[in-house]
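Please walk me through this model in the viewer, one selection at a time. Begin with the whole chain and end at a single side chain.

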Amino acid sequence: MKDISLAALPVPDTRTAAAALDVAAAHLSPALLNHSLRAYLWAAARGTADGVPFDPELLYVAALFHDIGLVPVFDSHTVAFEEAGGHVARVFAAGAGWPAERRARLSDVIVRHMWPRVDVTADPEGHLLARATATEVVGKEADAYPSRFRDEVLDRYPRLDLATSFLACFRDQAARKPDSSAAGAVGSGLAERMAANPLDSSA
C-alpha cells in the first residue's frame, strides 16, 4: 500500500453522512467516535489501495454506527451489539429516505463487521469494515498501512482511552450475552490481542 493520504480518500459530504456523524457524535464516547471515524479511514484506504469498488456513503454510515449497539441507550438485552447497531442504523436510514434495499445493506455491513471473514465480491463494504475494525481493535494488518499514513490518521483522531473502554464494553456484553460474538472474542483472548496492538504503542 503506497502513497495513501487522508486527502486522497473519498469522504462523503451528503446530508445523510452529515446527519450520521451528528447522531454518532451525540451518543458515542469521544474514544468510540474517533474509533469509528478511523475505521472508515482504514477501510477506505484499503479499498482505494486494493482497487475494491465501494460505496463511500454506505461505508461511512456503517462505520459510524457499527458500535452504536454498545451505547447503553441503544444496547439490547436480547441480541448481540452488532445486530442492535444494525437495527438502529436501519431506522436512521429510513428517516434519511434510503430505500429498503439500501437500508438492509447498511444493516448487513454492520452485522458482518464481527464476522471473521466477509467475501469481498458479495459485500465489499462489509469486507472492508471487518478488516478495518480488526486493524483498529487488535492491530491486524496495521503494518500494511504506510507509517506516515498511520501517524496522520492517529493525529487527526487520537485513540484516547479506547483500549480500556472498548474492552470493558466487550466484557460487559460477554457477561450478559454469553452466546454473543463479543463473548466469543473475550473468551478467545481479546484482552491479550488488544494489549499487543501496535496502534496503541505508537499512539
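The stops below go from the overall fold to the core and then to one residue in it.

**Whole chain, cartoon.** This is a predicted model. Colour by secondary structure: eleven helices appear, and zero strands. The pattern along the sequence is accordingly α-α-α-α-α-α-α-α-α-α-α. The radius of gyration is 16 Å, close to the 17 Å from the globule rule for 203 residues, so the chain is as compact as a globular protein of that length. Aligned to the principal axes, the C-alpha atoms fill a box of roughly 45 × 40 × 30 Å.

**Contacts.** Take the contacts between residues at least 6 apart in sequence; 72% of them join residues at least 24 apart.

**Surface.** Switch on the accessible surface, which comes to about 9300 Å². Carbon and sulfur atoms account for 55% of that area. Next select the charged side chains: there are 20 positive and 26 negative charges, and the mean positions of the two sets lie 2 Å apart.

**Core.** Hide the surface and colour by burial; 48% of the 203 residues are buried. The largest nonpolar core has 58 residues. Select F65, L106 and F149, the members that touch the most others in this core. Then select residues 30-50, which form helix 2. This helix gives the most to the core, with eleven residues.

**F149.** Which residues does F149 touch, leaving out those up to four places away in sequence? Show its side chain and select I4, S5, L6 and L9, then L41, W42 and A45; these are its contacts.

Conventions:
Residues are numbered from 1 along each chain as its sequence is written. This is a predicted model: local features need pLDDT of at least 70, side-chain atom pairs count only at pLDDT 80 or more; totals for chains, interfaces and linings use all residues. Side-chain values use heavy atoms; hydrogens and water are left out. Helices (H or I, at least four residues) and strands (E, at least two) are DSSP runs, numbered from the N terminus. The radius of gyration is taken over C-alpha atoms; the globule rule is 2.2 Å times the number of residues to the power 0.38. Buried means under 20% relative accessible area, exposed over 50%, partly exposed in between (1.4 Å probe, protein chains only). Contact means heavy atoms within 4.5 Å. Accessible areas come from the Shrake-Rupley method with a 1.4 Å probe; for residues, only the protein chains shown count as cover. Lys and Arg count as positive and Asp and Glu as negative; His and the chain ends are not counted. The place of a charge is taken as NZ of Lys, CZ of Arg, CG of Asp or CD of Glu. A nonpolar core is a set of buried Ala, Val, Leu, Ile, Met, Phe, Trp, Tyr and Cys residues joined through side-chain atoms within 4.5 Å.
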